[in-house]
Amino acid sequence: MRVLGISAFYHDSAAALLVDGKPVAAAQEERFTRKKHDPGFPENAIRYCLDEGGIDLDDVDHIAFFEKPLLKFERLLETYLANAPAGYRSFKMALPVWIKEKLFQKVGMVKSLTPLSRSGKGIEEKLLFAEHHQSHAASAFFPSPFEEAVVLTLDGVGEWATTSVAIGRGSTLETVREIHWPHSIGLLYSAFTYYTGFKVNSGEYKVMGLAPYGVPKYADRILNTLMDLKEDGSFWLDQKYFNYATGLTMTSRAFDDVFGGPPRKSETPLTQREMDLAASVQAVTEEVMLRITRDLAKTYGISNLCMAGGVALNCVANGKILRDGHFKRIWVQPAAGDAGGALGAAYAAHSIHAKKPRVATNGALDGMHGAYLGPAYTQADIEQRLKKAGAKFKTYDDAGLLERTVDALEAGHAVGWFQGRMEFGPRALGARSILGDPRNPEMQRNLNLKIKYRESFRPFAPSVLAEDVSNYFDLDSESPYMLLVADVVEGRRRSMTEDETKLFGIDKLNVPRSDIPAVTHVDYSARVQTVHKETNPRYHALISAFKARTGCPVVVNTSFNVRGEPIVGTPEDAFRCFMGCEMETLVVGNCVLDKSEQDPSLRVDYKDKFELD
Amino acid sequence: MLSLFKELFAYMGARKKWWLFPIILVLLVVGGLLVLAQGSAIAPFIYTVF
């Protein structure tokens, strides 16, 4: 059975192809259109998935959309009705969008999908609509390595649900609890993202990165004023303080009064206040997630937990849930945001709608193939594309390539690493990554300011050989998708001097805190990716070669893009990004490009090309 | 348009929300007028919850 999954029309459009219960291809539309979080119909991603499967739409049994538009419309109407006449301005703007476009999504999709089938017929009959949180839950459970699990999904909002709990057993997935709109932990986090001056729906991970610089001094105020949090983790948000339900902003004036002023304006200097606010909302989110998971563990007595939804990308909270020990094992869908809904909808169609048996992982880590489900390029194709782009490169055999790349890393270069199939999900996992030497104390600052052109407070993640993880981090399980945060082990930390401990806020950043300072955050934590031979042998071999040379089985891994740009998708994208920032070395397949050897006329002013995220 | 009405009826039946029918009808008319009067714009929303 072949199922095409689609998520679209909100943010992070994507497509995924499931063949007999196995993911064959999945990709986000933004990687093709070069428009970050592209919400449009994912035509390019669908074409790619069908090409990868060697089929066209006539060969597909079901086309599954990741949510139910009419239920969303119902939520919209009932919300405006309940709040009328407040919200008229928002209503006046939202309604035409629905009348013109969103109510006709099904018709629009049939029209857009028809050219992708030989016969041009039967599309409407194949269309299925899963619920938003059902899609998330399916994406979290069906590819997980567990036969039985509690499945927790948390995000901003889908149709009505903002948080849901399901029980997955074999090929079944049954929803047992939901928290409904407008009470949403995702939207609470987004409200603080907005209030601290970052962009909603993309700046949440900046808030998470900023949190360790602050003190959670507002946490009690959030818990006592903005919300009512129960012992079992269920919560209620006092809408007096928020404006997202019927307004055009996230927070209300009453919110400003509680926290002593208006929201920070975007791109203005960050102060200790924003850091404290970030620390506070992070602490509250962790408290909510811990209470929910403790209660779920107690109620259902199941030792495995699966998670998805945008909030499940909060790897700091995920790490705390793991260390809390109420669940023995945790698996988080790598494309936990809405893009992953495409895959989840496909799984839901396969296992829940068609009742086809789930495919066992057969000893593999899980069913996601390391999340390497996107396009790949052959060596001949790479060389042809690079030549056409005007790149000057040398081609190496496999062993020579690793040696040459390790040379560059050891020399302190930022190395663009473009290999194999592209990752599905927001994280670069060693297929479209920029790598560096984590031992270099200047690396974090250089990567942030010279390569990524982004705020200097943001930490980088380590990729570590799976077999060495516990020598460097307080983690004894795998974390292949960079979705768990763990502390650097005590023995590798560097104690702070008296003067250093007195530093506050971003001044803390410049103090090396371990023997891998580039990936050690100010609270000694790190967003760990364990690298496995089975899922990414070349990346594993590179880090092994780096270890053989330096003794260190860790490299810095950040996504291959500049601020505001989608992660590179093609060798040409990689070359453009390389020529647009101060990256010194680029490795694409078996080709190595040295910046000093490139034609200077091909340098591009790249920094301002993308809208800031 | 016909298929939309079919979908809406099926949805109201499934969700037992017939009380929404007059509201939806009025909204479709008012919304249609709004569409004619102006283009759609979601840009002013900091976060579109739909």
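Contact here means that heavy atoms lie within 4.5 Å. The structure is a predicted model, in which local features need pLDDT of at least 70 and side-chain atom pairs count only at pLDDT 80 or more, while totals for chains, interfaces and linings use all residues. Residues are numbered from 1 along each chain as its sequence is written, chains are lettered from A in the order in which they are written, and side-chain values use heavy atoms, with hydrogens and water left out.

**Exercise 1. Describe the interface of chain B and chain A, beginning with how many residues of each are in contact.**

Step 1: 30 residues of chain B touch 41 residues of chain A.

Step 2: The two chains bury about 3200 Å² between them, with 73% of it on carbon and sulfur atoms; buried area is the accessible area (1.4 Å probe) that two parts lose on being put together, summed over both. On the side of chain B, the residues that lose the most area to chain A are Tyr47(B), Val49(B) and Phe50(B), which together account for 25% of what that side buries.

Step 3: Four salt bridges are counted between chain B and chain A, a salt bridge being a side-chain nitrogen of Lys or Arg within 4 Å of a carboxyl oxygen of Asp or Glu. One of them joins the side chains of Lys17(B) and Glu74(A), at 3.1 Å from N to O.

**Exercise 2. Work out which side chain is in polar contact with the side chain of Arg421(A).**

Step 1: Arg421(A) counts as partly exposed because its relative accessibility is 24%, where buried means under 20% relative accessible area, exposed over 50%, and partly exposed in between (1.4 Å probe, protein chains only).

Step 2: The side chain of Arg421(A) makes a polar contact of 2.9 Å with that of Tyr48(A). Such a contact is a pair of N or O atoms within 3.5 Å; within protein, one must be able to donate a hydrogen and the other to accept it, and residues adjacent in sequence count only if both atoms are side-chain atoms.

Step 3: A polar atom of the Arg421(A) side chain also lies 2.9 Å from the backbone oxygen of Gly374(A).

Step 4: Along the chain, Arg421(A) and Ala371(A) are 50 residues apart, and their C-alpha atoms are separated by 9.0 Å.

**Exercise 3. Decide whether Phe65(A) is buried or exposed.**

Step 1: The relative accessible area of Phe65(A) is 0%.

Step 2: Phe65(A) is therefore buried, whereas Phe9(A), at 24% relative accessibility, counts as partly exposed.
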